[in-house]
Amino acid sequence: MAGANLPAKKYKKTSPTATRLSFEFDGGSTQFVDIGMALSAVNRKFARAGVYYYVNSVEIYNNETGVVDLHTLPDTWVTKNAWNRGFQLFQKMNAMTDAPLTAGLRPKYHDFKVYMSERHLNAGSTSPSMHGINAAQSTINPDEWAYSQFVSADDDHDGQANADEFNVHMIGPHMGSTNNWTSIGLIKSYAETRMIPPNNSPNADMIDVTDPLMNIFDFSSEEQLNDIATNLLEDNDRTPYDINGYVGESGNHMQHVARIGTEQGVGRVGRAAGFCAPFGLICVDPHGVGTAFRLVLNLAVGTYHGVYAERA
């Protein structure tokens, strides 16, 4: 009977999603993965860039002995707030062309897509691959995955009609120069527009520990109360972090999440535990690897197009 001997109806396969993403890399150069782009290309449906994706595990396949480091953006409130600030400004800029100026120009796959760093902007994102027999592989490229651009209304005084246009990246300094920017560091920009907290809290510079009433109960000839008060005044009144620096202002402020080594004794396969990838951006940095290698990301399963993801 055609409908007999089948799983119960509640176990029907719904909206299948490829959550195992494979990437082919050239050895010897730092390269980048954009999970949103890869998911979109392989599954033929749009996955947003501005979300937190989660990787369950990672695998490296390599024909030589070497190591590959994986880095993500620092998973901090600063990273989240800097991205949200950039997103809000991007939305406000694009809203200038909405009704009544036009009937609406937003493309179907409009999204706020940012580079991880200056190096990512220069290298681009590696497309995912599918595989055949005898080690054959095919790269799956999207028709378009355009990283967002800002168009500044700030007059650059160059005497030309073209406005200043630039990309944005998360970590590292700005690229370019005043009125001729190539890309703006979102965390750097966020840091430069925030108030600096008080250096001493509370400000006790005017307190006099020798005041007579303050010493009315000081029976110690060693000035015990004065010493206690001095310690309270001088210790732990400054921020437990660099008051003038934000993690992410430097291009070297990536979060190291894995180092995967391969050697002959383990069949040239290395594995590592999973991690969170803010905005789906991963830096792949090989060391001592001169030939091509494969990176496989096993994504956490969830309700966002078949994978687990969180809003920024």
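These legends accompany close-up views of a predicted model.

**View 1. Strand β8 sits between two partner strands, β7 and β10.**
Let us begin with strand β8, which covers residues 164-169. Is this strand mostly covered or mostly open? Of its 6 residues, 5 are buried, so the answer is mostly covered, because a residue is called buried here when its relative accessible area is under 20%. On one side, strand β7 (residues 149-152) is joined to β8 by 4 bridges, and these two strands run antiparallel. Look for Phe-150, which stands opposite Phe-166 in β8. Strand β10 (residues 180-185) is also joined to β8, through 3 bridges, and here the two strands run parallel. In this pairing, Val-168 faces you as the residue opposite Ile-184 in β10.

**View 2. Strands β9 and β10 make a hairpin.**
Now follow the chain through strand β9 (residues 175-177) and on to β10. How many bridges join them? There are 3, and the strands run antiparallel. Ser-177 in this pairing stands opposite Asn-180 in β10. The hairpin has 2 residues between its strands. One residue to find in the turn is Asn-179, which has a positive phi of about 70°.

**View 3. The largest pocket has a lining of 26 residues.**
Here is a look into open space: the volume of the largest pocket is about 710 Å³. Which residues lie nearest its centre? They are Tyr-109, His-110, Lys-113, Glu-144 and Ala-146. Two elements give two or more residues to this lining, namely α1 (35-43) and α2 (77-95). Sorted by class, the lining of the largest pocket has 11 nonpolar, 7 polar and 8 charged residues.

**View 4. The second largest pocket draws on helices and strands.**
This pocket holds about 550 Å³ of space. Its lining has 23 residues, and those closest to the centre are Leu-89, Phe-150, Val-151, Ser-152 and Phe-166. You have already met Phe-150 and Phe-166, the residues that stand opposite each other where β7 and β8 pair. Which element gives the most to this lining? It is α2, with 6 residues. At least two residues each come from α2, β7, β8, β10 and α4 (186-192). By class, the lining of the second largest pocket divides into 11 nonpolar, 7 polar and 5 charged residues.

**View 5. Phe-112 forms ring pairs with Phe-87 and with Phe-90.**
The model has 16 aromatic pairs. In one of them, the ring centres of Phe-87 and Phe-112 are 6.1 Å apart. Why is this pair called tilted? The planes of the two rings meet at 50°, and tilted is the word for angles that are neither under 30 degrees nor over 60. Phe-87 belongs to helix α2, while Phe-112 is in the loop between α2 and α3 (118-123), so the pair ties together parts that are 25 residues apart in sequence. Phe-87 is partly exposed, at 21% relative accessibility, whereas Phe-112 is buried, with a relative accessible area of 1%.
The rings of Phe-90 and Phe-112 also make a tilted pair, with centres 5.2 Å apart and planes at 35°. This pair links distant parts of the chain as well, with Phe-90 in helix α2 and Phe-112 in the loop between α2 and α3, 22 residues apart. Phe-90 counts as buried, at 5% relative accessibility.

**View 6. Ring pairs link a set of aromatic residues into a cluster.**
Step back from Phe-112 and a wider group comes into view: Tyr-52, Trp-83, Phe-87, Phe-90, Phe-112, Phe-150, Phe-166 and Phe-279 are linked by ring pairs. Two members of this cluster, Phe-150 and Phe-166, are also among the residues closest to the centre of the second largest pocket.

**View 7. Cys-276 and Cys-283 are both buried.**
Let us finish with two cysteines. Cys-276 has a relative accessibility of 15% and therefore counts as buried. Cys-283 is buried too, with a relative accessible area of 2%. How many disulfides does the structure hold? The count is 0.

Technical notes. Residues numbered from 1 in each chain as written. Predicted model: local features only at pLDDT ≥ 70, side-chain atom pairs only at ≥ 80, totals over all residues. Heavy atoms only, no water. Buried < 20%, exposed > 50% of the residue type's maximum accessible area, 1.4 Å probe, protein only. Pairing = 2+ DSSP bridges. 1 Å grid on protein atoms, 1.4 Å probe; cavity = no way out; pocket = protein on both sides within 12 Å on 5 of 7 lines; lining within 4 Å. Points joined across faces, edges and corners; volume = space filled by probe spheres on them. Nonpolar A, V, L, I, M, F, W, Y, C, P; charged D, E, K, R; others polar. Disulfide = S-S within 2.5 Å. Phe/Tyr/Trp six-rings, centres within 6.5 Å; stacked < 30°, edge-to-face > 60°.
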